[in-house]
Amino acid sequence: MTIPPAPLDLGIAFRESREAMLVLDPDRDCVADANPAAADLLGYPATVLRGLPASVLHPGQLPTLIVFTQAVQAKGHWWTHALTPRHGADKALRLEYAGSL
């Protein structure tokens, strides 16, 4: 049995925000943490999102995911409409992503 990763201590602004937020670890291809708004939007419990490969959340979109994360790392912030995460009910979502370091 795999033990899910513990949530990161990102503070009340992360936990209580109405804005959906994910913390990605692009080197490990995983969601490091997700706030409750992200869990609701994506249709997964936060405990499932934590440790989930980002590439699984974005099936067939690995090149686009890599370009987005590299742009965030290079510029400090970036945004895109090109990523369409897969909802827990197996439907594609059309979202705007904004990333920052």
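Asp90 sits in the loop that runs between strand S3 (77-80) and strand S4 (97-100). In this predicted model, the phi angle of Asp90 is near 65 degrees, a positive value in a residue other than glycine. Most residues other than glycine have a negative phi. Asp90 counts as exposed because its relative accessibility is 57%, and exposed means over 50%. The side chain of Asp90 also takes part in a salt bridge with Arg86, with an N to O distance of 3.8 Å. Arg86, at a relative accessible area of 27%, is partly exposed.

A second residue with a positive phi is found in another loop. Asp29 lies between strand S1 (22-25) and S2, and its phi is near 50 degrees, again in a residue other than glycine. Asp29 has a relative accessibility of 26% and therefore counts as partly exposed, since that class covers values between the buried limit of 20% and the exposed limit of 50%.

These loops belong to a chain whose secondary structure comes to 5 helices and 4 strands. Read from the N terminus, the order of elements is α-β-β-α-α-α-α-β-β. Strands S1 (22-25) and S2 thus correspond to the β-β pair that follows the opening α, while S3 (77-80) and S4 (97-100) correspond to the β-β pair that ends the series.

The salt bridges can be taken together. A search of the whole structure finds 3 of them, and the pair of Asp90 and Arg86 is one. Another joins Asp25 to Arg28, where the closest N and O atoms are 3.3 Å apart. Arg28 counts as exposed, with a relative accessibility of 57%. Asp25 falls within the residue range of strand S1 (22-25).

The remaining pair is Asp33 and Arg50, whose closest N and O atoms are 2.8 Å apart. This salt bridge links distant parts of the chain, the two residues being 17 residues apart. Asp33 belongs to strand S2 (residues 30-34), and Arg50 to the loop between helix H3 (46-49) and helix H4 (54-57). Are the two partners buried or exposed? Asp33 has a relative accessible area of 2% and is buried. Arg50 counts as buried as well, at 11% relative accessibility, because the buried class takes in values under 20%.

From these local features the view can widen to the whole chain. Of its 101 residues, 35% count as buried. The accessible surface comes to about 6,500 Å², and 57% of that area belongs to carbon and sulfur atoms. Charged side chains number 8 positive and 10 negative, and the centres of the two sets lie 5 Å apart.

The overall dimensions can be set against a simple rule. A compact globule with 101 residues would have a radius of gyration near 13 Å, and the protein chain has 13 Å, so the value agrees with that expectation. The C-alpha atoms fill a box of roughly 30 × 30 × 25 Å along the principal axes. Among contacts between residues at least 6 apart in sequence, 32% join residues at least 24 apart.

Technical notes: Residues numbered from 1 in each chain as written. Predicted model: local features only at pLDDT ≥ 70, side-chain atom pairs only at ≥ 80, totals over all residues. Heavy atoms only, no water. Salt bridge = Lys/Arg side-chain N within 4 Å of Asp/Glu carboxyl O. Buried < 20%, exposed > 50% of the residue type's maximum accessible area, 1.4 Å probe, protein only. Rg over C-alpha atoms; globule rule 2.2 N^0.38 Å. Contact = heavy atoms within 4.5 Å. Areas by Shrake-Rupley, 256 points an atom, 1.4 Å probe, with all protein chains shown as cover. Lys, Arg positive; Asp, Glu negative; His and termini not counted. Charge placed at Lys NZ, Arg CZ, Asp CG, Glu CD.
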